[in-house]
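Here are some notes to read alongside the structure. Keep the view open and find each residue as you reach it.

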Amino acid sequence: MNNILIKFMLCILPFLCTSCFKEVDLGFPATVTFSKEGGTKTVTGDVAFTNADIHDYKTGEQGEETWGEDGTRYNSYKWLKVEYKEYKWNSKELTIYAEPNTTGKSRKLYIELYSGPEYHVIKVVQD
């Protein structure tokens, strides 16, 4: 019985060691920069995405998602907000809102766009 269990574990070990998600280029920019005044920017890509999350890689925290009645989805965290349509509209467009930077320091957050098992990261920098 132990021999069968060992063989089984050796067979499934390679599957456990591989990641289900991989970063790919979905056609969106790698970096979006805002001035200290903040503002709004709309970016487009080549592939429709299902979800957009804002992440702070330093703290491990992430944004909060809300839904509009018309199928619009929002994700907000600290000074950044994103808006996009639900996946059923096959959206390839993301609107990014940055509040004015009154800290006097450069700041950055990351937006992760998911399309199935693939994702794309947009670094958002504000001076």
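1. Start with strand 5 (residues 64–67) and strand 6 (residues 72–77), which pair in the antiparallel sense over four bridges. This is a predicted model, so treat each position as a computed one. To find the pairing on your screen, look for Thr66, which stands opposite Tyr74 in strand 6. The hairpin of strand 5 and strand 6 has four residues between the strands, and there Gly71 takes a positive phi near 90°.

2. Next, follow the chain into strand 7. Strand 6 and strand 7 run antiparallel and are joined by six bridges. Thr72 has Lys85 in strand 7 as its bridge partner. The turn here has two residues between the strands of the hairpin, and Lys78 takes a positive phi near 50°.

3. Now step back to see the sheet that these strands belong to. In what order do the strands of the open sheet lie? The order of its five strands is 3-8-7-6-5, with antiparallel pairing. Strand 3 (39–44) and strand 5 are the edge strands, each pairing on one side only. On average, neighbouring strands of this sheet are turned by 20° against each other, direction ignored. As a general reminder, strands of a sheet pair through backbone hydrogen bonds, in either a parallel or an antiparallel way.

4. At the strand 3 side of the sheet, strand 3 and strand 8 pair in the antiparallel sense over six bridges. A good pair to click on is Lys41 and its bridge partner in strand 8, Ile96.

5. Have a look at the loop between strand 7 (80–85) and strand 8 (93–98), where you will find Ser91. Is Ser91 buried or exposed? With a relative accessible area of 10%, Ser91 counts as buried, because the cut-off for buried is under 20%. The side chain of Ser91 reaches the backbone nitrogen of Glu93 at 3.3 Å. Leaving aside neighbours within four places in sequence, Ser91 is in contact with Ala48, Phe49 and Lys85. You have already met Lys85 as the bridge partner of Thr72.

6. Asn51 deserves a stop too, and you will find this residue in strand 4. Asn51 has a relative accessible area of 18%, so Asn51 falls under the 20% cut-off and is buried. Which side chain makes a polar contact with the side chain of Asn51? The partner is the side chain of Tyr84, at 2.9 Å. Not counting residues up to four places away in sequence, Asn51 touches Glu65, Arg73, Tyr84, Glu112, Leu113 and Tyr114.

7. Strand 2 shows a pattern that is worth tracing by eye. The side chains alternate along strand 2: Val32 and Phe34 point to one face and are buried, while Thr31 and Thr33 point to the other and are not. Strand 2 also runs parallel to strand 10, and four bridges join the two.

8. Stay with Thr33, which lies in strand 2. Thr33 has a relative accessible area of 38%, so Thr33 is partly exposed. In strand 10, Val125 stands opposite Thr33. These two residues are 92 residues apart along the chain, and their C-alpha atoms are separated by 4.8 Å. Not counting residues up to four places away in sequence, Thr33 touches Lys41, Val125 and Asp127.

9. On to the largest nonpolar core, which has 21 residues. Which residues touch the most other members of this core? They are Leu80, Leu94, Ile96, Ile111 and Ile122. Two or more residues each come from strand 2 (31–34), strand 4 (51–55), strand 7, strand 8, strand 9 (107–115) and strand 10 (118–126). To explore the surroundings of one core residue, select Ile122: not counting residues up to four places away in sequence, its contacts include Phe28, Val32, Val43, Leu94, Leu109 and Ile111.

10. Finally, zoom out to the protein chain. Its secondary structure comes to one helix and 10 strands, and the helix comes before the strands from the N terminus on. Of its 127 residues, 36% count as buried. Among contacts between residues at least 6 apart in sequence, 54% join residues at least 24 apart. The accessible surface comes to about 8100 Å², and 55% of this belongs to carbon and sulfur atoms.

Terms used
Residues are numbered from 1 along each chain as its sequence is written. This is a predicted model: local features need pLDDT of at least 70, side-chain atom pairs count only at pLDDT 80 or more; totals for chains, interfaces and linings use all residues. Side-chain values use heavy atoms; hydrogens and water are left out. Buried means under 20% relative accessible area, exposed over 50%, partly exposed in between (1.4 Å probe, protein chains only). Contact means heavy atoms within 4.5 Å. Accessible areas come from the Shrake-Rupley method with a 1.4 Å probe; for residues, only the protein chains shown count as cover. A polar contact is a pair of N or O atoms within 3.5 Å; within protein, one must be able to donate a hydrogen and the other to accept it, and residues adjacent in sequence count only if both atoms are side-chain atoms. Two strands pair if DSSP finds at least two bridges between them. A nonpolar core is a set of buried Ala, Val, Leu, Ile, Met, Phe, Trp, Tyr and Cys residues joined through side-chain atoms within 4.5 Å. Axes are lines fitted to C-alpha atoms, for helices over the stretch in contact, and angles run from 0 to 180 degrees between N-to-C directions.
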